[in-house]
Amino acid sequence: LHARLLRRAAGAAACPAASALAEWPMWYEESLDGRLAPQGRRDMEQLARRMAARFPALFAARRRLALASSSKHRCLQSGAAFRRGLGPTLDFGGDEVEVEVNDSLMRFFDHCAKFVVLVEENDTAMCQVNAFKEGPEMKKVLEKVASALCLPVEELNADLVQVAFLTCSYELAIKNVTSPWCSLFSEEDAKVLEYLNDLKQYWKRGYGYDINSRSSCILFQDIFQHLDRAVEESKSSKPISSPLIVQVGHAETLQPLLALMGYFKDDEPLLANNYARQARRKFRSGRIVPYAANLVFVLYHCDHVNASQEEYQVQLLLNEKLLPFLHSNETTSTYTDLKDYYKDILENCHFKEECELPQANVTAVDEL
């Protein structure tokens with residue numbers, strides 16, 4: 001798109017937006033791909049500091065920190081930045097905490113054949129996304145951007161416009177500047193492009209297909225195994241072997257997990273033709289999984305309780321804000337009630353069986 005504008009600018013001095021963008025320095029290089037931006041490192045360091053301030057007993061000196069990450073460079077860098085944010089005063093076994101690479105948990109989607117074949121690599125699975133790209137809302141944005149850039153509308157498509165919008169958002173997030181690319185879009189245009197991205201997340205990582213969320217049960221069960229162990233150790237008055245477990249993954253790790261748990265589910269699915277009706281939707285990926293998104297399970301041992309089942313209680317924090325439990329709409333739950341609510345997933349979701357491709361010769365669409 002930038003190259004196209006450069007060619008245009010040579011003979012189109014009368015088009016201020018195109019000229020301004022032709023002069024824009026193209027700073028994004030291939031070598032940056034998949035790497036954590038400096039702002040990302042700062043985000044993770046500051047997150048660690050806020051967590052330590054919020055849970056001082058957990059982050060106290062000589063407490064063991066178990067750190068797991070996906071194999072992707074940006075995740076390993078995120079884990080290292082989080083550790084750095086805790087500072088030298090916390091003795092987590094020296095400065096270099098061993099980071100365990102665990103893609104089977106942090107990139108479960110790569111290991112799920114049913115998801116890979118029927119969703120990830122299946123173009124028809126994204127039919128709603130593709131239909132919205134060709135729909136009236138995107139057409140309007142396309143015409144507006146083409147007009148601003150003095151380009152024939154045929155020279156643009158939804159993907160190019162989306163790239164321009166992402167460049168605007170990256171410059172704001174990474175460099176904290178208002179990019180000239182932002183001048184192409186109004187707030188209404190931004191809402192349309194936000195919906196395009198939400199559609200993709202919904203059908204690829206959210207409620208669009210069951211396998212999206214079911215494939216995350218391996219991670220969900222792992223979280224509860226850690227909590228179970230802590231409860232058992234506490235009951236037998238043993239020291240908690242893993243008081244602090246930090247797992248670093250992707251938006252694509254967290255979104256399916258939250259869908260598995262039933263969060264941010266709308267009454268009707270996100271479709272190419274219901275943009276206006278979804279103006280007040282719960283499923284907004286930019287709010288659910290922003291940069292440095294995080295989900296925290298906090299287990300409490302409560303001494304002064306009336307009944308034994310109240311002894312262990314849980315809170316959930318999404319992006320550092322308390323998340324009400326779906327079974328009670330309260331922000332605190334007994335551990336017993338929480339396990340009871342998710343009993344079916346904890347007992348009956350088996351990753352291997354969930355992710356097996358159906359043997360019968362059915363079409364992907366039938367299966368989904």
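**View 1. Surroundings of Cys-112 in the predicted model.** At 0% relative accessibility, Cys-112 counts as buried in this predicted model. The residue is located in a loop, with α5 (103-106) on one side in sequence and α6 (113-120) on the other. Setting aside residues up to four places away in sequence, Cys-112 touches Ile-211, Ser-215, Phe-351 and Cys-355. A separation along the chain may also be compared with one in space: Gly-87 and Cys-112 are 25 residues apart along the chain, and their C-alpha atoms are separated by 38 Å.

**View 2. The open sheet of β1, β2 and β3.** Three strands make up this open sheet, in the order β2-β1-β3, and their pairing is parallel. Strands β2 and β3 stand at the edges and each has a single partner strand, so one side of each is left without a neighbour in the sheet. On average, and with direction ignored, neighbouring strands of the sheet are turned by 25° against each other. Helix α4 (residues 73-85) packs on the sheet and touches β1, β2 and β3. The direction of α4 makes about 160° with that of β1.

**View 3. Strand β1 and its partners.** Strand β1 (residues 65-69) is mostly covered, with five of its five residues buried. Leu-65, Leu-67 and Ser-69 point one way from the strand, whereas Ala-66 and Ala-68 point the other way. With strand β3 (residues 244-248), β1 pairs in the parallel sense over five bridges. Within this pairing, Ala-66 stands opposite Ile-245, and the bridge partner of Ser-69 is Val-248. With strand β2 (residues 99-101), β1 pairs in the parallel sense over three bridges. Here the bridge partner of Ala-68 is Glu-100.

**View 4. Helix α10 from end to end.** Helix α10 (residues 187-204) contains 18 residues. At 1.5 Å a residue, the helix should span 26 Å; the end C-alpha atoms are 26 Å apart, which agrees. The buried residues of α10 include Val-192, Leu-193, Leu-196 and Leu-199. Charged residues are also among the buried ones, including Asp-189, Asp-198 and Lys-204. Tyr-195, Tyr-202 and Trp-203 are buried as well.

**View 5. Phe-220 and Phe-224 in helix α12.** Phe-220 and Phe-224 form a tilted aromatic pair, 4.8 Å centre to centre and with 50° between the planes. The two residues are four apart in helix α12 (residues 217-235), and are therefore separated by about one helical turn. An α-helix has 3.6 residues a turn, so residues three or four places apart point the same way. Both Phe-220 and Phe-224 are buried. Ring pairs also place these two residues in a cluster with Phe-297, Tyr-335, Tyr-341 and Tyr-342.

**View 6. The rings of Tyr-263 and Phe-264, and of Phe-109.** Tyr-263 and Phe-264 form a tilted aromatic pair, 6.2 Å centre to centre and with 45° between the planes. Tyr-263 counts as buried at 5% relative accessibility, whereas Phe-264, at 23%, counts as partly exposed. A further ring, that of Phe-109, has Arg-205 over its face, at 4.7 Å from the ring centre.

Conventions:
Residues are numbered from 1 along each chain as its sequence is written. This is a predicted model: local features need pLDDT of at least 70, side-chain atom pairs count only at pLDDT 80 or more; totals for chains, interfaces and linings use all residues. Side-chain values use heavy atoms; hydrogens and water are left out. Rings of Phe, Tyr and Trp (its six-membered ring) pair if their centres lie within 6.5 Å; planes under 30 degrees apart count as stacked, over 60 as edge-to-face and the rest as tilted. Buried means under 20% relative accessible area, exposed over 50%, partly exposed in between (1.4 Å probe, protein chains only). A charge sits over a ring if NZ of Lys or CZ of Arg is within 6 Å of the ring centre and within 35 degrees of the ring normal. Two strands pair if DSSP finds at least two bridges between them. Contact means heavy atoms within 4.5 Å. The expected span of a helix is 1.5 Å times one less than its number of residues. Axes are lines fitted to C-alpha atoms, for helices over the stretch in contact, and angles run from 0 to 180 degrees between N-to-C directions.
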